[in-house]
Amino acid sequence: MSSLNRRKFLMLAGGGVVVAAGTSAGVFAATRTPARALEPWKRAGAPAYDDPRLRALSYAILAPNPHNRQPWTVALEGEDMIRIGFDDTRQLPHTDPFDRQLTIGMGCFIELMVQAAAQDGHRVDLDLFPAGTAPDSLTGAPVAMARFVPDAAVEPDPLFAHVLTRRSAKGSHDTDRPVPQAGLDAMTRVARHGTRVGGTVAPQEVAQWRELAANALRVEFETPRTYKESVDLFRIGKREINANPDGIELPGASLEVLNGLGLFTREAALDTSSFAYEQGLASVLGPVATSMGFVWSVTGDNSRPSQIGAGRDWVRINLAATAEGISFHPLSQALQEFAEMETLHAEVHERLAPGGGTVQMLARIGYGPAAGPTPRWPLESRLVKGPQS
Ligand SMILES: Cc1cc2nc3c(=O)[nH]c(=O)nc-3n(C[C@H](O)[C@H](O)[C@H](O)COP(=O)(O)O)c2cc1C
């Protein structure tokens with residue numbers, strides 16, 4: 001990037017030009033929220049969903065999931081069954097070559113569906129992977145059959161109260177505000193589906209995890225195919241986000257202006273000598289350096305059902321963090337199964353699973369700025385026809 005472009009970029013990124021242009025720019029900025037992409041957060045539980053299965057699914061689609069791929073499909077079968085499937089066009093072949101993380105996302109989805117059903121007085125009888133599993137990828141076979149059964153004995157889950165305010169909050173933490181041990185304990189005690197959950201808020205350990213997480217982010221950025229996988233999922237500005245409400249959303253008037261000028265585009269971000277690349281890396285490393293604690297989850301084996309259990313527990317931990325007012329930001333890089341990450345992957349496993357097992361998730365925690373909701377495809381767009389419907 002020429003020095004002129006660099007100056008222009010800095011000025012725009014700082015909002016200088018947009019603000020300097022006065023009222024019309026302010027009006028422009030105020031219209032840049034991708035409202036359509038955020039509608040599913042408002043529609044969750046809406047009276048229009050008069051089938052309890054749809055009502056529960058309208059919350060399930062708000063689940064956290066890797067790169068916001070939303071890999072789920074659902075088919076209503078008969079009066080009380082949902083067939084939950086996996087959309088294999090949403091795979092992440094470079095950063096998630098065995099669909100492990102995507103399966104965890106499916107587990108998060110299932111947990112929110114079960115919690116929402118319980119609010120409505122329904123128990124959900126789950127049959128996971130009724131047609132079997134494959135270790136290398138999630139096939140087109142069903143992930144789960146879920147039968148909704150009215151049950152007066154079913155207990156609502158207190159964590160459900162936080163579903164609409166749960167976030168993956170990617171900002172910097174307040175380094176003057178430690179996370180109390182009680183806050184961490186509130187997260188580690190909510191697992192119910194077979195994961196061992198641990199964490200630390202001890203400054204010396206936190207410093208080691210900050211370094212490891214930053215190194216892993218650098219490896220992902222510096223490996224062209226894994227970096228490109230993220231860049232390909234950039235949705236820059238309102239129009240792109242509304243058109244494809246998934247992936248890595250980059251909203252905001254300043255970015256839209258930079259995009260229009262060709263200064264912040266997918267192509268520019270791929271050029272590792274560009275200012276866009278440099279800024280992108282800095283924007284993830286900066287927050288990681290402020291992390292005030294870490295939380296992780298480990299399973300004894302790495303079977304598909306264990307990955308689903310890990311997902312169910314993970315969203316519970318995220319909801320518990322929300323209940324405590326603690327920012328929660330998953331950082332999966334060091335857990336990813338690609339050759340360039342092998343050394344860091346091994347280091348995490350030596351630290352957290354020395355006796356064997358799979359470290360499924362890692363997140364940084366602290367107190368940070370409130371994050372907004374992320375885009376979702378509407379539930380209706382995820383409905384597919386089941387064999388009998
Ligand atoms: C299995 C899994 C892995 C994730 N890994 C990362 C990650 O490495 N970095 C990150 O910023 N967010 C990560 N996330 C969070 C997702 O980006 C986030 O859930 C998604 O964008 C939707 O946003 P929300 O959780 O705020 O609703 C992960 C989530 C899951 C379930």
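## Around the ligand

Start with Pro 330: one of its backbone N or O atoms sits 3.0 Å from a nitrogen atom of the ligand. Bear in mind that this is a predicted model. Two arginines reach the ligand through their side chains. For Arg 166, a polar side-chain atom lies 2.7 Å from a ligand oxygen, while an N or O atom in the side chain of Arg 376 is 2.8 Å from an oxygen atom of the ligand. On its own the ligand has 620 Å² of accessible area, and the protein covers 93% of that.

Who else is there? The ligand has 19 residues around it, and the ones that come nearest are Arg 166, Ser 168, His 329, Ser 332 and Arg 376. By type, the shell splits into seven nonpolar, eight polar and four charged residues. Helix α6 (100-119) and strand β9 (327-330) each put at least two residues into that shell.

## The sheet with β9

Now follow β9 into its sheet. This is an open, four-stranded affair with antiparallel pairing, and the strand order is β5-β8-β10-β9. The edges belong to β5 (196-200) and β9; each has a single partner strand, so one side of each is left without a neighbour in the sheet. On average, neighbouring strands here are turned by 25° against each other, ignoring direction.

The partner of β9 is β10 (residues 358-366), and the two run antiparallel over four bridges. In one of the pairs, Ser 327 has Gly 366 in β10 as its bridge partner. Two helices pack on this sheet. Helix α7 (residues 181-188) touches β5, β8 (293-299), β9 and β10, with its direction at about 165° to that of β5. Helix α14 (residues 304-324) also touches β5, β8, β9 and β10, and its direction makes about 155° with that of β8.

## The sheet with β1

There's another open sheet to look at, made of four strands in the order β1-β2-β4-β3, again with antiparallel pairing. Its edge strands are β1 (72-77) and β3 (122-128), each of which pairs on one side only. From one strand to the next, the twist averages 25°.

Take a look at β1 and β2 (residues 81-86): they pair in the antiparallel sense over six bridges. Leu 76 stands opposite Ile 82 of β2. Lying across β1, β2, β3 and β4 (144-150) is helix α5 (residues 52-60), which runs at about 170° to β1.

Conventions: Residues are numbered from 1 along each chain as its sequence is written. This is a predicted model: local features need pLDDT of at least 70, side-chain atom pairs count only at pLDDT 80 or more; totals for chains, interfaces and linings use all residues. Side-chain values use heavy atoms; hydrogens and water are left out. A residue is near a molecule or strand if one of its heavy atoms lies within 4 Å of it. A polar contact is a pair of N or O atoms within 3.5 Å; within protein, one must be able to donate a hydrogen and the other to accept it, and residues adjacent in sequence count only if both atoms are side-chain atoms. Accessible areas come from the Shrake-Rupley method with a 1.4 Å probe; for residues, only the protein chains shown count as cover. Ala, Val, Leu, Ile, Met, Phe, Trp, Tyr, Cys and Pro count as nonpolar, Asp, Glu, Lys and Arg as charged, and the others, Gly among them, as polar. Two strands pair if DSSP finds at least two bridges between them. Axes are lines fitted to C-alpha atoms, for helices over the stretch in contact, and angles run from 0 to 180 degrees between N-to-C directions. Contact means heavy atoms within 4.5 Å.
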